[in-house]
Amino acid sequence: MQKEGDIVSKLEGIYGLAVMNGKSYLHNPDIDKQHLLALTNQFIFGGNSKNKGSNLPYDMYFSPDYSLLCLSNRDEGKVYLFYTKTNTFTGNISVRLAGSHKTINIAIAPESNKIYITDSGTPNITIYDIFTKKLAKKNLGSGILGSICLTSEEDVLYAVITKPEPNLKAFKIDSFEEIKSFPPKGEFFSLGDAPCDLLTLSADKKSIFSM
């Protein structure tokens, strides 16, 4: 856990993911000058579209094994699914009505063939079965759900609660029973100008990082 260096960013530049050797890395406009790249399995567009019908922005989420890419369109309220090994488009998931600029948050569970989705506007979690392509929704009864993250064993789901009281909670994935809550010491980015609150597994899969 020692810092090795900084990756300088430019807000006006172009950002994306570089995929190589089975892993994905975050790159920025100065990629040719960087000796370090940030290992990641998601890319959140750092802005909010102010115009309705703009079809922007898109956010990208990879499954832990990088075999499935989920591309979410905030404005349309849909998530598009792609298999990276076959380069095929497999369909889309309608998550909410069109017109919102808030992030559609995704956690992919390849072992159980499930995709978990929250819409940053309701207390519901959407569960999509990759095999049957069936949708189910569950109201967790904890408030408005924002960013989510699964443990590597796919048995616990961490979810940011933005309203009525800001919180971070852990739920059993089989029953969605609340295990524990972690009240934040500061304010969530998603309540201001930022599109979401960053939530991810550490590289060794032993910790949850939140920001």
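**Exercise 1.** Find the bridge partner of phenylalanine 171 in S16 of this predicted model.

Solution. Step one: strand S15 covers residues 167–172, and S16 covers 178–181. Step two: these two strands pair in the antiparallel sense, over three bridges. Step three: in S16, the partner of phenylalanine 171 is glutamate 178.

**Exercise 2.** Place S15 and S16 in their sheet and say why one side of each edge strand is left without a neighbour.

Solution. Step one: the open sheet has four strands, ordered S13-S14-S15-S16, with antiparallel pairing. Step two: S13 and S16 stand at the edges; each has a single partner strand, so one of its sides lacks a neighbour in the sheet. Step three: from one strand to the next, the twist averages 25 degrees.

**Exercise 3.** Describe the lining of the second largest pocket.

Solution. Step one: the space in this pocket is about 340 Å³. Step two: 21 residues line it, and Lys102, Ser190, Leu191, Gly192 and Ala194 lie nearest its centre. Step three: strand S13 (144–150) and strand S14 (156–163) are the elements that give two or more residues to the lining. S13 supplies the largest share, four residues. Step four: by type, the lining residues are six nonpolar, 10 polar and five charged.

**Exercise 4.** Which residue stands opposite leucine 26 in S3?

Solution. Step one: an open antiparallel sheet of three strands runs in the order S1-S2-S3. Step two: its edge strands, S1 (16–20) and S3 (38–39), each pair on one side only. Step three: S2, residues 23–27, pairs with S3 over two bridges. Step four: leucine 26 faces alanine 38 in S3.

Key. Residues are numbered from 1 along each chain as its sequence is written. This is a predicted model: local features need pLDDT of at least 70, side-chain atom pairs count only at pLDDT 80 or more; totals for chains, interfaces and linings use all residues. Side-chain values use heavy atoms; hydrogens and water are left out. Two strands pair if DSSP finds at least two bridges between them. On a 1 Å grid over the protein atoms alone, a cavity is a set of points where a 1.4 Å probe fits but cannot get out, and a pocket is an open set with protein on both sides within 12 Å along at least five of seven lines; lining residues have an atom within 4 Å of a point. Grid points are joined across faces, edges and corners, and a volume is the space filled by probe spheres set on the points. Ala, Val, Leu, Ile, Met, Phe, Trp, Tyr, Cys and Pro count as nonpolar, Asp, Glu, Lys and Arg as charged, and the others, Gly among them, as polar. Axes are lines fitted to C-alpha atoms, for helices over the stretch in contact, and angles run from 0 to 180 degrees between N-to-C directions.
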